[in-house]
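Q: Could we go through this model together, beginning with one strand and working outwards?

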Number of protein chains: 2
Amino acid sequence: MEEKENHKSNSGQKPIIKRRNTVKKRYVKEEIIKGILEGDRVSLGQGITLVESKKEAHQKIAEDIIDACLPHANQSIRIGITGVPGVGKSTFIESMGELVIEAGFKLGVLAIDPSSQVSKGSILGDKTRMQYLSTNKNAFIRPSPAGESLGGVARKTRESIILCEAAGHDVIFVETVGVGQSEVAVHSMVDFFLLLLLPNAGDELQGIKRGVVEMADLVVVNKADGDNLKDARLAKVAYKNALHLFPPKESQWLPQVLMCSALAKQGLDEIWQLVMDYKSFTKKNNFFNTKRNQQAQYWLHESIRAHLHRLFYQHPTVKDFLKSKEKEVMEGKRSPFRLAEEMIEQFKKLM
Amino acid sequence: MEEKENHKSNSGQKPIIKRRNTVKKRYVKEEIIKGILEGDRVSLGQGITLVESKKEAHQKIAEDIIDACLPHANQSIRIGITGVPGVGKSTFIESMGELVIEAGFKLGVLAIDPSSQVSKGSILGDKTRMQYLSTNKNAFIRPSPAGESLGGVARKTRESIILCEAAGHDVIFVETVGVGQSEVAVHSMVDFFLLLLLPNAGDELQGIKRGVVEMADLVVVNKADGDNLKDARLAKVAYKNALHLFPPKESQWLPQVLMCSALAKQGLDEIWQLVMDYKSFTKKNNFFNTKRNQQAQYWLHESIRAHLHRLFYQHPTVKDFLKSKEKEVMEGKRSPFRLAEEMIEQFKKLM
């Protein structure tokens, strides 16, 4: 729906880009910035469309919009929500979102799954399952940009967070599917990481990538209702014991395990209270701000790494060389270190 | 002691390098290669000294030695052994090593801790605690090279493994301290990862880096003797339950938990049997070879990454630029992505 609105306004009287008309373009950019800062959802949608665009001209405008939004961002709590398909993420986000909005917050919901547009997992594309949020003026929902690599999605999601915050959204949910590398990316852009699990402890972990459980600040056993209640209680104990065996977090926060039924709207207050407790706890020990600073630093260096990687691996000569020699390394016939050196020497000459 | 032998031979009648005498140099290189392939421990020690040397001339010879050894390497089982200081690694390696040698294998023991020469942790420097191994002709022990970064140590350890294997050592122990990033490096060069823990479950995990437990193919509760026996049994159950909650490994191998007393030489047969079981299990499902191929590939790309990183970050202009701008990113005043782009553009012009 958000997408549709954008398309409408793109082809309507407020074009994002009007070629051969620099004055108009500048005017529009400023319009969008003004709109975002006033909390206008259409402008926010347009801004994010520019952030997501692959056109160079759009990206240049997007960068200016981001720069204009940066001083107004950062006033929020960013919550990563992950869990395998079937765990009830859409219902959870809908119910939790309603609670958050009723409590007076403005909510932004973003996703970070490269695969989300294609198929499995992300539920933001299917907003019919989010009746309340998709029609509420204090909620802004946006699925992952399509056709992007994880790095691309991560960058765009992070920048979309900035825009959402500048538009006054002070609670941000970032959704992932919990089965891939996306969790590391999400973990590097949220303050609080929430892992949703099903009541049948253990089994579903099959589908969750190693290390994801360790990232959680809160594990929530969802669907803790009806016949599932007994299983959910057992699962809660099992996860509690498991979390206890992990080393303490840098935040000094002890990860918790709670149960809820997103469908029956039970246990949600407790979850929100815990998120608020986390915020004041980490604000007090300064981890909250330290982590945000570190995250910005992380994305700077991660982005540099990605650029260098592209520079090197997309070089045609490097590609050819690698194609013919990598196999020898894998078969143990050549030293990986020596080949790396040779390739870097070549690369330096080619640059 | 190994060190001493090397020094002796370096200054004696078999100089590794004789400047201004290319014929001699070539002769010596071939001598070392011949010696290694014949299983001569002095030659092996010399070869590793060349691998560890920072002199360019030495490194060139080392590369040729490695190339000559590569076809004769790869016939072994490589076992990573980790655990916090105080867990009894030296005694474990000594007792386990004795068992392995008595079983007819030739053992190589290497370390991968950048800090090991300095202080805490690695016990290979202190061979008085390894009576049996330090005097046995079928054992070769070598501490980490001093004054190296983790990347440097990792590379040198991996290359030393090649030399050890070419010299006929068919069981390789690689030791780490279990508190830092070294475990990831070790994990990327061994077939089997063994985590030593103390009987007081939970508490010591404080000292172990997050994620290390997940890497283990086998957790061994050491010091399971005397008064500790009850605690050790409880710890075993706790770790077993915790491991059960992790997702399955790519190897399809189910990580196990065993108890032993390295001091009393109890429970060691069971451990060795399990290592052998692992080897035949992963040989059968082809994970053993796949993993080794992937590891070689990993080191190729990891090495390229490290080179690119150095090229970029050690550039004086980049350094200056970063110094003045990084703070703005961390404080949320600039977009990390945009700064990264600007820096890469500058870098391309400078190259």
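**Strand 2 and its surroundings**

A: In strand 2 of chain B, L107(B), V109(B) and A111(B) point one way, while G108(B) and L110(B) point the other way, and all are buried. Please keep in mind that this is a predicted model.

Q: How many residues of strand 2 of chain B are buried overall?
A: The count is 5 of its 5 residues, so strand 2 of chain B is mostly covered, given that a residue is buried if 20 or more other C-beta atoms lie within 10 Å of its own.

Q: And which way does it pair with strand 3 of chain B, parallel or antiparallel?
A: Strand 2 and strand 3 of chain B pair in the parallel sense, over 4 bridges. Within that pairing, L110(B) stands opposite R142(B) of strand 3 of chain B.

Q: What about strand 4 of chain B, how many bridges there?
A: Strand 2 of chain B is joined to strand 4 of chain B by 5 bridges, and the two run parallel. Here G108(B) is the residue opposite I172(B) in strand 4 of chain B.

Q: Zooming out, what is the order of the strands in the sheet of chain B?
A: The sheet is open, has 7 strands with parallel pairing, and follows the order 3-2-4-1-5-6-7 in chain B. Its edge strands are strand 3 (139-142) and strand 7 (256-259) of chain B, each of which pairs on one side only. On average, neighbouring strands of this sheet are turned by 20° against each other, direction ignored.

Q: What happens between strand 5 and strand 6 of chain B?
A: Strand 5 (residues 192-197) and strand 6 (residues 218-221) of chain B pair in the parallel sense over 4 bridges. L196(B) stands opposite V220(B), which belongs to strand 6 of chain B.

Q: Which strands does helix 11 of chain B touch?
A: Helix 11 (residues 268-284) of chain B packs on the sheet and touches strand 1, strand 5, strand 6 and strand 7 of chain B. The direction of helix 11 makes about 160° with that of strand 7 of chain B.

Q: And helix 5 of chain B, where does that lie?
A: Helix 5 (residues 89-102) of chain B lies across strand 1 (77-82), strand 2 (107-111), strand 3, strand 4 (171-176) and strand 5 of chain B. Helix 5 runs at about 160° to strand 2 of chain B.

Q: Changing topic to the interface: how many residues of each chain are in contact?
A: There are 47 residues of chain B in contact with 48 residues of chain A. Helix 4 (56-69), helix 10 (229-245), helix 12 (287-313), helix 13 (316-330) and helix 14 (336-350) of chain B each supply at least two residues of the side that touches chain A.

Q: Which helix gives the most?
A: Helix 12 of chain B does, with 10 residues on the side that touches chain A. By class, that side of chain B has 26 nonpolar, 12 polar and 9 charged residues.

Q: How are the two copies related?
A: Chain B can be laid on chain A with an RMSD of 0.1 Å, using a turn of 180° and a shift of 0.0 Å along the axis. The two copies are therefore related as by a two-fold rotation axis. The same surface serves both copies, since 100% of the contact residues of chain B recur in chain A.

Q: Which residue of chain B comes closest to the rotation axis?
A: That is A242(B), whose C-alpha comes to 2.6 Å from the axis.

Q: Now the core: which residues touch the most other members of the largest one?
A: The largest nonpolar core has 149 residues, and L163(A), L194(A), L163(B) and L194(B) touch the most other members. A second, separate core of 24 residues includes F337(A), A340(A), F337(B) and M343(B).

Q: One last residue: is I32(A) buried or exposed?
A: I32(A) counts as buried because it has 28 C-beta neighbours inside 10 Å. I32(A) is found in helix 2 (residues 22-37) of chain A. Not counting residues up to four places away in sequence, I32(A) touches S43(A), Q46(A), G47(A) and I65(A).

Conventions:
Residues are numbered from 1 along each chain as its sequence is written. Chains are lettered from A and ligands numbered from 1 in the order in which they are written. This is a predicted model: local features need pLDDT of at least 70, side-chain atom pairs count only at pLDDT 80 or more; totals for chains, interfaces and linings use all residues. Two strands pair if DSSP finds at least two bridges between them. Axes are lines fitted to C-alpha atoms, for helices over the stretch in contact, and angles run from 0 to 180 degrees between N-to-C directions. Two residues are in contact if their C-beta atoms, placed from the backbone, lie within 7 Å. Ala, Val, Leu, Ile, Met, Phe, Trp, Tyr, Cys and Pro count as nonpolar, Asp, Glu, Lys and Arg as charged, and the others, Gly among them, as polar. A nonpolar core is a set of buried Ala, Val, Leu, Ile, Met, Phe, Trp, Tyr and Cys residues joined through C-beta atoms within 7 Å. A residue is buried if 20 or more other C-beta atoms lie within 10 Å of its own, exposed if 12 or fewer, and partly exposed in between; C-beta atoms are placed from the backbone. Copies are superposed by least squares on the C-alpha atoms of residues with pLDDT of at least 70 in both.
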